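Student: Could you take me closely through the sheet in this model, and through what packs around it?

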Amino acid sequence: MKKVAFASDHAGYRMKEVIKQYMVDKGYEVVDFGAFSEESCDYADFAHPAAQAVESGDCDFGIAMCGSGNGIGMTLNKHQGIRAGMAWMEDLADLAKRHNNANFLVLPARFIADDLAKKIVDAYLAAPFEGGRHERRIEKMVVKG
(Lines give C-alpha, C1' and ligand atoms only; values in the text may rest on other atoms or scores of the structure.)
Protein backbone atom coordinates (compact mmCIF):
# COMPACT_ATOMS: atom_id res chain seq x y z
CA MET A 1 0.00 0.00 0.00
CA LYS A 2 1.43 3.36 -1.01
CA LYS A 3 1.62 6.05 1.64
CA VAL A 4 0.74 9.65 0.73
CA ALA A 5 1.83 12.76 2.65
CA PHE A 6 -0.78 15.54 2.79
CA ALA A 7 -0.23 19.19 3.64
CA SER A 8 -2.29 22.35 3.35
CA ASP A 9 -2.96 25.66 4.95
CA HIS A 10 -6.34 26.95 6.11
CA ALA A 11 -7.38 27.80 2.54
CA GLY A 12 -6.62 24.28 1.36
CA TYR A 13 -7.98 22.48 4.41
CA ARG A 14 -11.44 21.64 3.04
CA MET A 15 -10.08 20.33 -0.27
CA LYS A 16 -7.40 18.38 1.59
CA GLU A 17 -10.09 16.56 3.53
CA VAL A 18 -11.96 15.72 0.32
CA ILE A 19 -8.86 14.47 -1.50
CA LYS A 20 -7.62 12.53 1.54
CA GLN A 21 -10.87 10.57 1.63
CA TYR A 22 -10.68 10.08 -2.13
CA MET A 23 -7.22 8.54 -1.72
CA VAL A 24 -8.33 6.31 1.16
CA ASP A 25 -11.21 5.10 -1.01
CA LYS A 26 -8.62 4.23 -3.70
CA GLY A 27 -6.67 2.12 -1.19
CA TYR A 28 -3.87 4.52 -0.26
CA GLU A 29 -2.64 5.14 3.26
CA VAL A 30 -2.60 8.84 4.09
CA VAL A 31 -0.45 10.77 6.54
CA ASP A 32 -1.87 14.20 7.31
CA PHE A 33 0.69 16.80 8.35
CA GLY A 34 -1.94 19.57 8.65
CA ALA A 35 -3.57 22.03 8.61
CA PHE A 36 -6.24 20.60 10.83
CA SER A 37 -8.88 23.34 10.53
CA GLU A 38 -9.80 26.45 8.56
CA GLU A 39 -8.24 28.66 11.24
CA SER A 40 -5.59 30.94 9.75
CA CYS A 41 -2.16 29.30 9.74
CA ASP A 42 1.12 29.20 7.83
CA TYR A 43 1.55 26.55 5.10
CA ALA A 44 5.27 26.19 5.80
CA ASP A 45 4.53 24.66 9.21
CA PHE A 46 2.94 21.70 7.42
CA ALA A 47 4.83 21.66 4.12
CA HIS A 48 8.28 21.11 5.66
CA PRO A 49 7.39 17.98 7.67
CA ALA A 50 5.46 16.55 4.69
CA ALA A 51 8.44 17.19 2.40
CA GLN A 52 10.79 15.52 4.89
CA ALA A 53 8.52 12.46 4.99
CA VAL A 54 8.72 12.11 1.20
CA GLU A 55 12.47 12.84 1.08
CA SER A 56 13.15 10.20 3.74
CA GLY A 57 10.97 7.58 2.06
CA ASP A 58 8.49 7.44 4.94
CA CYS A 59 5.87 8.48 2.38
CA ASP A 60 5.91 7.53 -1.31
CA PHE A 61 4.70 10.91 -2.59
CA GLY A 62 2.64 13.87 -1.48
CA ILE A 63 -0.35 16.00 -2.30
CA ALA A 64 -0.52 19.57 -1.04
CA MET A 65 -2.80 22.54 -1.46
CA CYS A 66 -3.16 26.13 -0.41
CA GLY A 67 -5.31 28.94 -1.77
CA SER A 68 -3.28 29.59 -4.91
CA GLY A 69 -0.95 26.60 -4.72
CA ASN A 70 2.01 28.93 -5.03
CA GLY A 71 3.12 29.33 -1.43
CA ILE A 72 2.99 25.70 -0.42
CA GLY A 73 4.58 24.65 -3.73
CA MET A 74 7.47 27.09 -3.32
CA THR A 75 8.02 25.88 0.23
CA LEU A 76 8.04 22.23 -0.80
CA ASN A 77 10.51 22.94 -3.59
CA LYS A 78 13.04 24.38 -1.11
CA HIS A 79 13.79 20.75 -0.24
CA GLN A 80 16.47 19.23 -2.48
CA GLY A 81 14.66 15.91 -2.77
CA ILE A 82 11.27 17.36 -3.67
CA ARG A 83 9.88 18.09 -7.11
CA ALA A 84 6.49 19.68 -6.48
CA GLY A 85 4.40 20.40 -9.54
CA MET A 86 1.31 22.57 -9.43
CA ALA A 87 -1.62 21.57 -11.61
CA TRP A 88 -4.97 23.21 -12.24
CA MET A 89 -5.78 20.93 -15.17
CA GLU A 90 -5.24 17.25 -15.86
CA ASP A 91 -2.58 17.71 -18.56
CA LEU A 92 -0.34 19.64 -16.18
CA ALA A 93 -0.49 16.87 -13.57
CA ASP A 94 0.26 14.29 -16.24
CA LEU A 95 3.28 16.21 -17.53
CA ALA A 96 4.58 16.97 -14.03
CA LYS A 97 4.87 13.22 -13.50
CA ARG A 98 5.88 12.14 -17.04
CA HIS A 99 8.58 14.75 -17.57
CA ASN A 100 9.61 15.86 -14.07
CA ASN A 101 8.84 12.78 -11.97
CA ALA A 102 7.05 15.10 -9.54
CA ASN A 103 6.87 13.55 -6.09
CA PHE A 104 4.39 16.17 -4.86
CA LEU A 105 1.22 17.27 -6.60
CA VAL A 106 0.12 20.79 -5.65
CA LEU A 107 -3.45 21.98 -6.11
CA PRO A 108 -4.73 25.61 -6.07
CA ALA A 109 -7.72 25.05 -3.76
CA ARG A 110 -9.40 28.41 -4.32
CA PHE A 111 -9.35 28.04 -8.09
CA ILE A 112 -10.57 24.52 -8.84
CA ALA A 113 -13.64 22.50 -7.86
CA ASP A 114 -13.43 19.21 -5.99
CA ASP A 115 -14.46 17.15 -9.02
CA LEU A 116 -11.69 18.68 -11.12
CA ALA A 117 -9.21 18.17 -8.26
CA LYS A 118 -10.06 14.45 -8.28
CA LYS A 119 -9.51 14.25 -12.04
CA ILE A 120 -6.16 16.01 -11.64
CA VAL A 121 -5.14 13.55 -8.93
CA ASP A 122 -6.17 10.65 -11.18
CA ALA A 123 -4.08 12.04 -14.06
CA TYR A 124 -1.09 12.37 -11.75
CA LEU A 125 -1.50 8.84 -10.40
CA ALA A 126 -1.90 7.30 -13.86
CA ALA A 127 1.09 8.98 -15.46
CA PRO A 128 4.36 7.03 -15.63
CA PHE A 129 7.70 8.78 -15.47
CA GLU A 130 9.17 8.62 -18.98
CA GLY A 131 12.83 8.73 -17.94
CA GLY A 132 15.32 9.14 -20.79
CA ARG A 133 16.19 12.75 -21.50
CA HIS A 134 13.95 13.80 -18.62
CA GLU A 135 16.14 11.91 -16.13
CA ARG A 136 19.15 13.99 -17.19
CA ARG A 137 17.17 17.19 -16.70
CA ILE A 138 15.99 16.15 -13.25
CA GLU A 139 19.57 15.42 -12.18
CA LYS A 140 20.44 19.03 -13.06
CA MET A 141 17.75 20.41 -10.72
CA VAL A 142 19.71 19.56 -7.57
CA VAL A 143 22.08 22.25 -6.34
CA LYS A 144 25.46 20.73 -5.67
CA GLY A 145 28.02 22.44 -3.61
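Tutor: Helices (H or I, at least four residues) and strands (E, at least two) are taken here as DSSP runs, numbered from the N terminus. This is a predicted model, in which local features need pLDDT of at least 70 and side-chain atom pairs count only at pLDDT 80 or more, while totals for chains, interfaces and linings use all residues. Residues are numbered from 1 along each chain as its sequence is written, and side-chain values use heavy atoms, with hydrogens and water left out.

The sheet is open and parallel, its five strands following the order S2-S1-S3-S5-S4, where two strands pair if DSSP finds at least two bridges between them. Strand S2 (29–32) and strand S4 (84–86) each have a single partner strand and stand at the edges, so one side of each is left without a neighbour in the sheet. From one strand to the next the twist averages 25°, with axes being lines fitted to C-alpha atoms, for helices over the stretch in contact, and angles running from 0 to 180 degrees between N-to-C directions.

At the S4 edge, three bridges join S4 to the parallel strand S5 (residues 104–108), and Ala84 has Phe104 as its bridge partner in S5. Helix H2 (residues 44–56) packs on the sheet and touches strand S1 (3–8), strand S3 (61–66) and S5, its direction making about 165° with that of S1; contact means heavy atoms within 4.5 Å.

Helix H3 (residues 70–76) holds Thr75, which counts as buried at 11% relative accessibility (buried is under 20% relative accessible area, exposed over 50%, partly exposed in between, with a 1.4 Å probe and protein chains only). Leaving aside residues up to four places away in sequence, Thr75 touches Tyr43, Ala44, Ala47 and His48.
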